[in-house]
Amino acid sequence: TLATDGNYLTAMTWTHDGAEIIYYAESGIRAVPVAGGTGRLVVNAFAALGPDLSPDGDLLVYGTNGGTMRLADLRASPVVESDLGVPGRSPRFSPDGSTIAFFDGEQIRLMDLASKAVTDVVASTADFGRVDWFTDGRRLLAGTDRGIEILKFGPPVERTLVNDQFALMDVDLSPDDGSVAYGVNGQPDLHVLEGL
């Protein structure tokens with residue numbers, strides 16, 4: 001056990017060097033060493049959802065329960081936060097760190113960080129599904145109302161259904177893009193689907 005101060009909204013992401021796990025705790029977004037030991041406060045956030053760290057480790061993005069996404073610049077001391085002005089769950093940085101994919105409750109969307117322009121990818125009414133990037137930066141793995149899908153950017157967007165699972169909790173793509181780990185709402189099991 002690395003920490004005992006988790007919150008019901010707890011979600012986590014690894015630091016870029018793999019030495020710490022960043023998670024949402026009762027007191028904000030914290031980091032704890034994987035080897036164990038004393039954790040540290042990263043961002044004094046309330047009701048944070050699904051934090052993700054940029055590939056270079058400089059930026060942290062997260063949603064807020066009932067609010068908009070936030071972006072924290074970890075290079076500054078103290079950390080500088082900005083409001084991205086758009087509701088979003090499970091935001092995920094693209095492999096090059098220039099774009100954030102997220103689910104807003106009705107659409108899977110992309111936000112270009114430089115311009116803050118938002119583009120709709122596909123409509124989805126999934127309450128629990130999330131997104132993850134393939135390493136090529138041209139495709140997303142998504143939990144949608146249809147199940148687990150691969151979305152290839154267009155136009156038009158190409159949708160390939162790989163599993164018609166209902167009530168997905170999260171999807172996380174393996175580093176080699178070949179497998180996806182996922183959970184199902186209300187079930188204690190963790191599943192892995194191979195052969196993507």
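These notebook entries record what I looked up in a predicted model.

**Entry 1: the nonpolar core**

I began with the largest nonpolar core, which is made up of 12 residues. Its isoleucines are I22 and I29, its leucines are L53 and L60, and its valines are V42 and V43. I also noted the tyrosines Y24 and Y62, together with A31, A45, A48 and A72. I then asked which strands each supply at least two residues of this core. They are β2 (20-25), β3 (28-33), β4 (40-43), β5 (48-53) and β6 (59-64).

**Entry 2: an open sheet**

I next traced how the strands are arranged. Four strands form an open sheet, and I read their order as β1-β2-β3-β4, with antiparallel pairing. At the edges I found β1 (12-14) and β4; each has a single partner strand, so one side of each is left without a neighbour in the sheet. From one strand to the next, the twist averages 30°.

I looked further at one pairing within this sheet. Three bridges join β3 and β4 in the antiparallel sense. Opposite R30 I found L41, which belongs to β4. I added a general remark to this entry: in a regular strand, side chains alternate between the two faces of the sheet.

**Entry 3: a hairpin**

I turned to β9 (residues 89-93) and asked why this strand is largely enclosed by the rest of the structure. The reason I recorded is that four of its five residues are buried, that is, each has under 20% relative accessible area. Strand β9 pairs with β10 (residues 99-103) in the antiparallel sense, over three bridges. For R89, the bridge partner in β10 is F103. The two strands, β9 and β10, form a hairpin with five residues between them. In the turn I noted G97, whose phi is positive, at about 80°.

**Entry 4: aromatic rings**

I searched for aromatic pairs and found one in the structure. It is formed by W133 and F153, with 5.9 Å from centre to centre and 65° between the planes, an edge-to-face arrangement. Where do the two partners lie along the chain? W133 is in strand β13 (residues 131-133), whereas F153 is in the loop between β15 (147-152) and β16 (158-163). The two are 20 residues apart, and the pair links distant parts of the chain.

I then checked whether each partner is buried or partly exposed. W133 counts as buried because its relative accessibility is 8%. F153, at 25%, counts as partly exposed.

Lastly, I examined F134: R139 lies over the face of this ring, 4.0 Å from the ring centre.

Notes:
Residues numbered from 1 in each chain as written. Predicted model: local features only at pLDDT ≥ 70, side-chain atom pairs only at ≥ 80, totals over all residues. Heavy atoms only, no water. Core = buried A, V, L, I, M, F, W, Y, C linked by side-chain atoms within 4.5 Å. Buried < 20%, exposed > 50% of the residue type's maximum accessible area, 1.4 Å probe, protein only. Phe/Tyr/Trp six-rings, centres within 6.5 Å; stacked < 30°, edge-to-face > 60°. Lys NZ or Arg CZ within 6 Å of the ring centre and 35° of its normal. Pairing = 2+ DSSP bridges. Axes fitted to C-alpha atoms, helices over the stretch in contact; angles between N-to-C directions.
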